[in-house]
Amino acid sequence: MAVGKEILTKIRSVQNTQKITKAMQMVSTSKMRKTQERMRLARPYAEKVRLVMSHLAQTHSDHGIKLLEPHRSVRRAGFILMTTDKGLCGGLNANVLKKFLAQVQEYRSQGIEVDVVCLGSKGLAACQRIGLNVVASATNLGDTPRLETLVGPLTELFQSYQKHQLDVIHLVYSGFVNTMRQEPRLETLLPIGESALEGVSESSDYSWDYRYEPSPTAVLEYLVRRYLESVVYQALSDNMASEQAARMVAMKAATDNAGNAIKELRLVYNKSRQAAITTELSEIVAGAAAV
């Protein structure tokens with residue numbers, strides 16, 4: 001029964017693995033609900049900031065803010081790449097990196113250099129492995145995104161855009177569609193598109209305006225920074241919700257596969273045990289017949 005003992009050892013090993021994947025699935029389910037709630041609560045603030053910014057930008061078109069000025073040509077591009085710090089979440093990071101690297105390859109084919117800000121250790125490792133220029137990074141973000149950890153890396157890119165060292169900034173992350181579907185997204189963060197500045201409907205007749213302190217330009221410049229940070233924060237919340245959903249699905253699949261493996265191993269064990277018993281009975285009968 002040496003073979004039977006080996007099979008029993010494999011069964012116990014798979015059972016232990018199944019317990020771990022089941023626990024990870026339950027933890028990811030709990031975290032996903034929290035990240036979904038956080039993602040939902042962040043949207044009203046971002047929408048209100050966008051509304052006030054768009055109203056102010058339209059009523060004071062001579063603001064002269066460099067973050068709102070599009071550049072004529074693209075000579076150098078910046079990316080904010082969002083990935084996870086941990087693995088075991090299916091093809092989530094692979095899909096994001098595939099979309100990111102496709103855009104990087106397209107820029108390089110046109111002779112356009114690329115700077116990258118990495119949020120998440122998986123993306124940072126990938127960029128360092130292929131030799132991209134990583135100007136800033138933030139890892140070990142935890143389960144709750146904190147804006148203070150993002151301000152430093154984001155400021156580096158925004159200042160480069162203001163100094164015309166960068167001509168466009170893209171945001172690459174995993175968008176949360178539903179529990180079973182997360183899609184990689186590549187959006188243009190800067191220059192700010194016309195859709196973001198269309199908060200005031202043209203059909204509405206606004207005869208009022210805000211009172212600004214210290215000046216409309218200073219307030220608008222502050223709102224633009226808050227708007228950009230809120231967009232990045234919303235994308236990071238989406239990315240974290242996608243991470244937990246993908247990990248939950250991956251761990252459920254691993255748990256189910258472990259259950260199937262246990263069934264197959266038990267079947268093999270029972271067959272080998274039955275064969276051993278049959279052999280022993282045959283030997284006993286043969287011995288009795290010989291006597």
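# A guided tour, starting at Leu-88

Select Leu-88 to begin: with a relative accessible area of 54%, this residue is exposed, because anything over 50% counts that way. Keep in mind as you go that the model is predicted. Leu-88 sits in the loop between strand 1 and helix 2 (92–109). Its backbone deserves a look too, since Leu-88 is not a glycine and still has a positive phi of about 60 degrees. Most residues other than glycine have a negative phi.

**Next stop: Arg-247**

Stay by that loop and add Arg-247 to your selection. Arg-247 belongs to helix 5, and Leu-88 is one of the residues in contact with it. Is Arg-247 buried or exposed? Its relative accessibility is 7%, so it counts as buried, the cut-off being under 20%. Now show what surrounds it: leaving aside neighbours within four places in sequence, Arg-247 is in contact with Met-24, Ser-28, Lys-86, Gly-87, Leu-88 and Cys-89. Zoom in on Gly-87, where the backbone oxygen lies 2.9 Å from a polar atom of the Arg-247 side chain.

**Zoom out: the whole chain**

Colour the model by secondary structure. You should find 5 helices and 5 strands. Following them from the N terminus, the order is α-β-α-β-α-β-α-β-β-α. Of the 291 residues, 41% count as buried. Contacts often span long stretches of the chain: among those between residues at least 6 apart in sequence, 78% join residues at least 24 apart.

For an example of two residues far apart in sequence, select Ile-7 and Asn-270. They are 263 residues apart along the chain, while their C-alpha atoms are 9.9 Å apart in space. Asn-270 is in helix 5, and with 45% relative accessibility it counts as partly exposed.

**Into the core**

Nonpolar side chains tend to be buried together in soluble globular proteins. To see this model's largest nonpolar core, which has 37 residues, start with Ile-80, Met-82, Leu-119, Ile-169 and Leu-228, the members that touch the most other members. Which elements give two or more residues to this core? They are helix 1 (2–59), strand 1 (76–82), strand 2 (113–119), strand 3 (133–138), helix 4 (148–162), strand 4 (168–178), strand 5 (181–190) and helix 5 (216–290). Helix 5 supplies the largest share, 10 residues.

Now centre the view on Ile-80. Not counting residues up to four places away in sequence, Ile-80 touches Val-117, Leu-119, Leu-154, Leu-157, Ile-169, His-170, Leu-171, Val-172, Leu-189 and Val-232. Apart from this largest core lies another one, of 18 residues, with Leu-81, Val-104, Tyr-107 and Leu-132 among them.

**Two helix pairs**

Two packed helices are described by the angle between their axes and the distance between the axes. With that in mind, display helix 4 and helix 5. Their axes come within 12 Å and cross at roughly 125 degrees; the two helices are therefore oblique to each other. The crossing is right-handed. Turn on side chains to see where they meet: helix 4 brings Leu-150, Val-151, Leu-154, Thr-155, Phe-158 and Gln-162, and helix 5 brings Glu-221, Arg-225, Leu-228, Glu-229, Val-232 and Leu-236. You have come across Leu-228 already, as one of the core members that touch the most others. Leu-154 and Val-232 may look familiar as well, since both are among the residues that Ile-80 touches.

Then move to helix 2 and helix 3 (residues 121–130). How close do their axes come, and at what angle do they cross? The axes come within 11 Å and cross at roughly 45 degrees, which makes helix 2 oblique to helix 3. The crossing of helix 2 and helix 3 is right-handed. Here Asn-93, Leu-97, Phe-100 and Leu-101 of helix 2 meet Lys-122, Gly-123, Ala-126, Cys-127 and Ile-130 of helix 3.

**Last stops: two loops**

Select Asn-140, in the loop between strand 3 and helix 4. Asn-140 is not a glycine, yet it has a positive phi of about 55 degrees. Its relative accessibility is 67%, so Asn-140 counts as exposed.

Finish with Leu-190 and Pro-191. Most peptide bonds are trans. What kind of peptide bond joins Leu-190 and Pro-191? The bond is cis, with omega about 0 degrees. Pro-191 itself lies in the loop between strand 5 and helix 5.

Definitions and conventions. Residues are numbered from 1 along each chain as its sequence is written. This is a predicted model: local features need pLDDT of at least 70, side-chain atom pairs count only at pLDDT 80 or more; totals for chains, interfaces and linings use all residues. Side-chain values use heavy atoms; hydrogens and water are left out. A nonpolar core is a set of buried Ala, Val, Leu, Ile, Met, Phe, Trp, Tyr and Cys residues joined through side-chain atoms within 4.5 Å. Buried means under 20% relative accessible area, exposed over 50%, partly exposed in between (1.4 Å probe, protein chains only). Helices (H or I, at least four residues) and strands (E, at least two) are DSSP runs, numbered from the N terminus. Contact means heavy atoms within 4.5 Å. A polar contact is a pair of N or O atoms within 3.5 Å; within protein, one must be able to donate a hydrogen and the other to accept it, and residues adjacent in sequence count only if both atoms are side-chain atoms. Axes are lines fitted to C-alpha atoms, for helices over the stretch in contact, and angles run from 0 to 180 degrees between N-to-C directions. Angles under 35 degrees count as roughly parallel, over 145 as roughly antiparallel, 65 to 115 as roughly perpendicular and the rest as oblique. A crossing is left-handed if the near helix is turned anticlockwise from the far one by less than a right angle, and right-handed if clockwise.
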